[in-house]
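Please follow the paragraphs below with the sequence and the structure side by side, taking one region after another.

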Amino acid sequence: VNSQAFLESLENSKENDGASSLIRALLNDSSYITFMVGLADNPAHDSIAYSTISLNAKIDLINEMANNLRKLNKIVNIEMF
């Protein structure tokens, strides 16, 4: 989280889509956050070129989100199963 203005715009957004609602919940309504990350292969993804690279990208994204939330004094736990 590098820009206070950007952070405030996310917190105060009036958008009602799922991503905006999730951001508001994480920033405004949560002090303890647990990410539950599944690592199993899903055979349904075979037809869309799902690979280990995209799994690694998912894990990297979760870690980046967790680090940014920790900078905002959120308690973050990541469970991988």
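Leu55 lies in helix H3 of what is a predicted model, and this leucine counts as buried because its relative accessible area is 12%, where the cut-off for burial is under 20%. Along the chain Leu55 and Leu39 are 16 residues apart, yet in space their C-alpha atoms are separated by 7.5 Å.

Helix H3 also belongs to a wider picture, since H3, helix H2 and strand E1, which spans residues 32–37, are the elements that each give two or more residues to the largest nonpolar core. That core has 10 residues in all, namely Leu7, Leu26, Leu27, Ile33, Phe35, Val37, Ile62, Ala66, Leu69 and Val76. In soluble globular proteins, nonpolar side chains tend to be buried together. Leu26 can serve as a way into this region: once its neighbours within four places in sequence are left aside, the residues in contact with Leu26 are Ile33, Met65, Leu69 and Lys74.

What distinguishes the two faces of strand E1? One face, made up of Ile33, Phe35 and Val37, is covered, whereas the other, with Tyr32, Thr34 and Met36, is uncovered. In a regular strand the side chains alternate between the two faces of the sheet. Ile33, Phe35 and Val37 of the covered face are also among the residues of the largest nonpolar core. Strand E1 is joined to strand E2 by 6 bridges, and the two strands run parallel, with Val37 standing opposite Met80 of E2.

Turning to the helices at the start of the chain, H1 covers residues 4–11 and H2 covers residues 18–28, and their axes come within 8 Å of each other while crossing at roughly 115 degrees. The two helices are therefore roughly perpendicular to each other. Leu7, Leu10 and Glu11 on the side of H1 meet Ile23, Arg24, Leu27 and Asn28 on the side of H2 to make this contact, and when these residues are sorted by class they comprise 4 nonpolar, 1 polar and 2 charged residues. Leu7 and Leu27, one from each helix in this contact, are also listed in the largest nonpolar core.

A last stop is the loop between helix H3, residues 52–71, and strand E2, residues 75–80, where Asn73 is placed. Asn73 is not a glycine, although its phi is positive, at about 65 degrees. Is Asn73 buried or exposed? Asn73 counts as exposed because its relative accessibility is 69%, and the cut-off for that class is over 50%.

Methods. Residues are numbered from 1 along each chain as its sequence is written. This is a predicted model: local features need pLDDT of at least 70, side-chain atom pairs count only at pLDDT 80 or more; totals for chains, interfaces and linings use all residues. Side-chain values use heavy atoms; hydrogens and water are left out. Axes are lines fitted to C-alpha atoms, for helices over the stretch in contact, and angles run from 0 to 180 degrees between N-to-C directions. Helices (H or I, at least four residues) and strands (E, at least two) are DSSP runs, numbered from the N terminus. Angles under 35 degrees count as roughly parallel, over 145 as roughly antiparallel, 65 to 115 as roughly perpendicular and the rest as oblique. Contact means heavy atoms within 4.5 Å. Ala, Val, Leu, Ile, Met, Phe, Trp, Tyr, Cys and Pro count as nonpolar, Asp, Glu, Lys and Arg as charged, and the others, Gly among them, as polar. Buried means under 20% relative accessible area, exposed over 50%, partly exposed in between (1.4 Å probe, protein chains only). A nonpolar core is a set of buried Ala, Val, Leu, Ile, Met, Phe, Trp, Tyr and Cys residues joined through side-chain atoms within 4.5 Å. Two strands pair if DSSP finds at least two bridges between them.
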